[in-house]
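The following exercises concern how the chains of an assembly are arranged and how they meet. Each task is followed by a solution in steps.

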4 protein chains.
Amino acid sequence: MSLRYAYLGPAGTFTEAALRQVADPSSDELIPLGDVPAALQAVREGRADRAMVPIENSVEGGVSATMDALSSGVPLVVVGEAVVRVEFVLVARRGTTLEQVRHISTHPHAWAQCRRWLTAHLPHAMHLPASSTAAAGAALVESGEAGFEAAITAPLTAEEYGLDVLAAGIGNNPHAVTRFIQVAAPGPIPPRTGADKTTLMVHLPDNQAGALLTMLEQFAARGVNLSRIESRPIGDSLGRYSFSIDAEEHIEDERLAAALVGLHQVCPLVRFLGSFPRNDGGHAEQVPTGFSDEKFRAARTWVDQLRAGVHPD
Amino acid sequence: MSLRYAYLGPAGTFTEAALRQVADPSSDELIPLGDVPAALQAVREGRADRAMVPIENSVEGGVSATMDALSSGVPLVVVGEAVVRVEFVLVARRGTTLEQVRHISTHPHAWAQCRRWLTAHLPHAMHLPASSTAAAGAALVESGEAGFEAAITAPLTAEEYGLDVLAAGIGNNPHAVTRFIQVAAPGPIPPRTGADKTTLMVHLPDNQAGALLTMLEQFAARGVNLSRIESRPIGDSLGRYSFSIDAEEHIEDERLAAALVGLHQVCPLVRFLGSFPRNDGGHAEQVPTGFSDEKFRAARTWVDQLRAGVHPD
Amino acid sequence: MSLRYAYLGPAGTFTEAALRQVADPSSDELIPLGDVPAALQAVREGRADRAMVPIENSVEGGVSATMDALSSGVPLVVVGEAVVRVEFVLVARRGTTLEQVRHISTHPHAWAQCRRWLTAHLPHAMHLPASSTAAAGAALVESGEAGFEAAITAPLTAEEYGLDVLAAGIGNNPHAVTRFIQVAAPGPIPPRTGADKTTLMVHLPDNQAGALLTMLEQFAARGVNLSRIESRPIGDSLGRYSFSIDAEEHIEDERLAAALVGLHQVCPLVRFLGSFPRNDGGHAEQVPTGFSDEKFRAARTWVDQLRAGVHPD
Amino acid sequence: MSLRYAYLGPAGTFTEAALRQVADPSSDELIPLGDVPAALQAVREGRADRAMVPIENSVEGGVSATMDALSSGVPLVVVGEAVVRVEFVLVARRGTTLEQVRHISTHPHAWAQCRRWLTAHLPHAMHLPASSTAAAGAALVESGEAGFEAAITAPLTAEEYGLDVLAAGIGNNPHAVTRFIQVAAPGPIPPRTGADKTTLMVHLPDNQAGALLTMLEQFAARGVNLSRIESRPIGDSLGRYSFSIDAEEHIEDERLAAALVGLHQVCPLVRFLGSFPRNDGGHAEQVPTGFSDEKFRAARTWVDQLRAGVHPD
């Protein structure tokens with residue numbers, strides 16, 4: 001089935017690298033857009049079937065723009081994820097040498113993540129901020145002599161634009177990865193595979209001491225583990241937070257469904273953002289003793305029998 | 001409907017006083033039996049429709065014989081409760097004066113509960129243990145001159161046997177009460193009234209640190225309050241306990257049903273001992289915010305819709 | 001050093017068997033008393049140095065008389081414990097045969113704990129309650145022909161009174177044990193051995209939901225395990241409980257001291273009832289990761305340094 | 001006392017507005033630096049006495065650069081905070097009209113926070129990213145005709161550079177605020193005022209289920225409230241987090257000191273980042289029942305007395 005994929009462009013970004021893990025450029029349509037909200041909006045308005053956007057970086061943390069755009073507006077759901085190793089290269093137009101580099105354009109996050117190499121090798125280079133690493137690479141091609149001699153980009157960008165790689169592997173952290181999510185309009189949920197993940201956004205109850213504990217206990221009491229929990233300000237004042245959460249289960253798992261019921265009871269707002277197969281190199285899912293679906297159903301049947309006056313002891 | 005009531009006899013005990021709150025001696029059959037296990041056994045074997053037995057005394061605590069007899073063997077359920085004020089009188093055969101009392105027969109618990117009065121007024125009296133306060137009264141009538149001059153009994157006993165009351169209100173604690181339960185064979189559960197109680201017996205998971213906390217969190221996470229929790233040794237070794245629990249809800253309340261599911265998952269043994277209307281002078285039931293049946297069903301519907309791909313946000 | 005030991009008499013009880021584990025009859029003075037409060041009172045009034053009383057039976061549960069007597073009045077502390085296997089024998093005067101036994105005297109608890117054997121072998125025997133198993137044995141010797149032909153006692157009683165054993169090992173549970181405690185006036189605490197126990201009595205905060213959870217978290221948050229927790233009614237009305245608790249540490253262990261500080265803050269009443277070497281056949285004490293005294297002191301030193309403006313990171 | 005303040009420059013930023021709340025430009029030395037790490041480094045190397053940097057924005061959330069720079073390297077501590085209302089203006093060189101604006105330079109966060117006004121009034125304007133709002137304003141002055149006609153800045157910038165304000169109050173959220181912190185080298189801690197805050201950074205124990213719950217319980221069990229909790233990736237792999245936390249107490253408050261001891265025991269890494277007077281418009285500090293310093297010291301004294309064999313009951 002041919003799909004239309006909106007993504008955080010331009011071509012050549014890490015997002016495109018993630019997209020290539022799931023999309024087939026020969027049959028699918030890839031639609032680069034200027035920012036995360038625009039990519040999500042394309043799905044909301046039916047101009048794309050999917051959006052591929054970054055959600056979390058192992059160094060920088062959660063991607064606020066993505067979390068916030070999913071948290072309000074027309075509902076969207078995550079249907080899959082992809083993890084991409086984040087590798088940076090210093091690129092220039094053919095013929096440029098490292099010694100000639102005085103100005104470097106790149107996205108501020110990329111600049112921060114290469115600071116160590118830059119301090120060691122180009123301590124006097126100046127940073128010209130770009131809206132993405134790929135945009136910096138594209139500008140290098142287009143701008144001719146003007147403004148800057150080099151850019152920090154993904155390896156894919158160098159390849160696509162035919163730029164020289166002056167230095168590779170210049171990131172501070174060689175194990176850095178970014179996790180991307182595939183977002184779609186609500187519809188049938190990807191079937192349970194046994195190694196799944198559910199993404200949620202919850203608001204904490206107002207003005208209630210221990211609210212975070214209360215919320216977490218809804219998961220703990222049902223044996224549900226969390227693989228990610230990130231705070232986001234609600235935005236109306238300091239000190240009010242929502243939490244972006246990944247739980248290690250599928251909504252078809254009874255223990256997660258029960259935890260969702262509990263969350264819906266204790267939290268003023270819960271948004272379900274999808275259940276989908278895990279693809280993050282995490283550990284295999286381990287069901288805590290007693291919390292398997294089989295045990296849950298046995299427990300539920302026991303209660304139903306008791307209500308009917310039948311005592312199976 | 002005429003019912004056969006087994007109870008902890010003989011006639012004249014506090015248990016009979018409890019029984020009179022619910023049974024009609026003119027139409028129901030009252031069957032006094034020698035001990036709690038015998039009364040429960042009568043129900044188990046169909047020789048009685050109900051058993052009335054003590055479960056808890058405000059001074060002495062839980063009645064072990066009752067808790068233990070309900071915890072194993074053929075299942076029985078509690079269908080009602082009655083609370084009786086525990087008042088003690090010192091009784092004697094007509095003509096006996098207080099000065100003549102040297103030996104007093106009564107149940108050891110009654111002796112303990114009147115110790116203060118006895119120390120003040122009859123410091124040299126000797127205790128002859130009896131199997132019940134009513135048995136002590138009966139023996140006084142039957143024994144003629146032999147053995148003891150007085151007995152400590154319930155007021156009802158003095159009345160029934162025509163004994164003289166030498167002193168009334170001799171208990172240490174004028175507010176002492178005993179709670180009795182009506183026990184029946186499993187069958188239709190008394191309908192929910194909105195001020196109900198559910199009695200449970202649970203074993204804790206073996207060798208697991210924090211097991212009691214884990215068990216209690218099953219209630220707390222669902223907003224269920226407990227009005228009674230009492231430990232009982234499991235009996236195979238020191239340090240292993242079961243807990244006898246009263247929760248402030250009916251099994252038809254969704255939050256209690258959900259807590260039961262959770263208990264069944266985390267505890268090696270859970271015995272449901274009935275849901276029934278409260279009659280213990282306790283506070284009115286208050287549903288914690290978010291935990292009403294209406295909210296529970298809304299939450300459950302929300303999860304069901306999500307599973308079907310419908311996002312009601 | 002010669003000591004005066006009050007104990008729950010008469011001679012020949014299981015309590016005396018416990019006492020013999022620690023006292024030397026040739027040098028110490030053993031003082032049998034009629035009930036637990038009397039034994040404790042002897043210590044309170046200086047007529048005895050120690051009292052040996054039962055606290056817990058593996059079948060019957062906690063001994064209410066002991067827990068209650070320690071919970072109020074002049075403070076006493078536990079300085080040691082002893083565990084005795086509870087073994088019952090059916091005894092009679094020389095020449096009596098099993099077939100001749102129609103009435104049996106014993107303490108009601110002993111009767112209950114031998115019910116299974118009695119139902120099988122002497123289904124028609126009648127019970128004459130006695131105030132202790134030893135009292136039943138003594139009465140058998142003294143009473144001549146009157147009243148009852150046999151008694152259920154501890155083996156020690158048969159030996160002391162020269163009674164015939166008609167049947168041995170007649171208890172329902174061959175592994176039954178009773179735990180006894182040695183109680184003294186407050187003074188120097190027995191030194192920490194590394195396998196200790198601390199006994200406490202706490203009241204829960206009034207009218208506060210989740211009070212039991214709050215109390216238990218004071219232990220859990222400091223890594224302190226509980227080996228026993230038993231409820232006791234406070235006595236003024238139904239539904240108000242105190243808890244008798246054994247924690248697996250010594251008051252000189254920093255984590256227990258910290259938990260005591262927390263309890264004192266959240267509970268309206270906490271009574272420290274002693275730290276003493278464990279002797280209950282329990283598992284060896286395992287300090288949860290991070291909660292050793294060494295780690296505690298390192299943590300405390302760290303905070304003290306921070307307060308002084310020193311950052312040891 | 002004259003102080004040298006490093007801050008996130010250039011002049012005219014919101015950070016300078018925060019700085020003016022505490023520094024006196026006539027006597028103190030204000031040192032604008034290019035980014036947060038540079039400002040903190042100036043303090044670490046003794047070139048400045050204080051650094052003023054943003055820590056949290058009510059719309060964007062925590063400032064990662066600040067949290068990360070405080071979390072490692074030479075220890076620094078927070079000694080104060082300042083809250084600044086975040087107000088955006090659209091500025092241009094004298095004579096420019098709104099209709100002439102086609103390109104706008106500003107920091108990406110500012111662009112995001114003004115998106116609503118831009119969509120309504122300048123839907124076709126292009127964004128040229130700048131490293132700060134003040135840098136965009138400065139560039140407008142310096143660049144002459146080149147590149148862009150307008151910038152989005154703080155009101156202070158317009159004032160300092162003499163730029164025309166084409167539109168004021170263009171932020172999405174009129175209540176948006178940013179909280180800044182004053183950072184210093186470790187030394188004497190600002191004295192307790194009774195309305196204080198303590199900032200911490202903690203790592204969670206590795207591979208342990210419920211680790212976040214365990215950590216939070218260290219605060220809850222001691223009655224300490226948290227006013228902020230934000231996750232940050234530790235950086236070595238996905239799924240490992242540290243938490244940046246503000247607690248509502250001073251390290252001289254006994255309950256906070258006790259919570260720090262507990263954290264140090266259960267968490268592999270805890271960094272104390274200072275106790276200082278609150279200035280965030282939050283609610284007044286309320287000490288939960290039982291957790292006052294007075295009660296803490298009474299509890300501690302009680303334990304010390306017990307250890308000495310004195311029973312104050």
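**Exercise 1.** Determine which rotation superposes chain D on chain A, and state the resulting relation.

*Solution.* In this predicted model, chain D is brought onto chain A by a rotation of 180 degrees with 0.0 Å of shift along its axis, at an RMSD of 0.1 Å. The two copies are therefore related as by a two-fold rotation axis. Both copies use the same surface, since 95% of the contact residues of chain D recur in chain A.

**Exercise 2.** Establish how many residues each chain gives to the contact and what area is buried.

*Solution.* Chain D supplies 40 residues and chain A supplies 39 residues. Between them about 2800 Å² is buried, with 57% given by carbon and sulfur atoms. On the side of chain D, the most area is lost by D:Leu213, D:Leu238 and D:Tyr241, together 21% of what that side buries.

**Exercise 3.** Describe the polar side of the interface and the elements that build the surface of chain D.

*Solution.* First, two salt bridges are counted between chain D and chain A. A:Asp35 forms a salt bridge with D:Arg115, whose closest N and O atoms are 2.8 Å apart. Next, seven residue pairs are in polar contact across this interface. Elements giving two or more residues to the side of chain D include helix H3 (64-71), helix H8 (211-220) and strand S13 (226-233). S13(D) gives the most, with seven residues. Finally, the residues of this side divide into 15 nonpolar, 14 polar and 11 charged.

**Exercise 4.** Which C-alpha distance separates chain A from chain C?

*Solution.* Chain A and chain C do not touch, and their nearest C-alpha atoms are 12 Å apart. Chain B and chain D likewise have no contact, with their closest C-alpha atoms 12 Å apart.

Technical notes. Residues numbered from 1 in each chain as written. Chains lettered and ligands numbered in written order. Predicted model: local features only at pLDDT ≥ 70, side-chain atom pairs only at ≥ 80, totals over all residues. Heavy atoms only, no water. Least-squares fit on C-alpha atoms with pLDDT ≥ 70 in both. Contact = heavy atoms within 4.5 Å. Buried area = accessible area lost by both parts, 1.4 Å probe. Salt bridge = Lys/Arg side-chain N within 4 Å of Asp/Glu carboxyl O. Polar contact = N/O pair within 3.5 Å; in protein donor to acceptor, adjacent residues only side chain to side chain. Helix = DSSP H or I, 4+ residues; strand = E, 2+ residues; numbered from the N terminus. Nonpolar A, V, L, I, M, F, W, Y, C, P; charged D, E, K, R; others polar.
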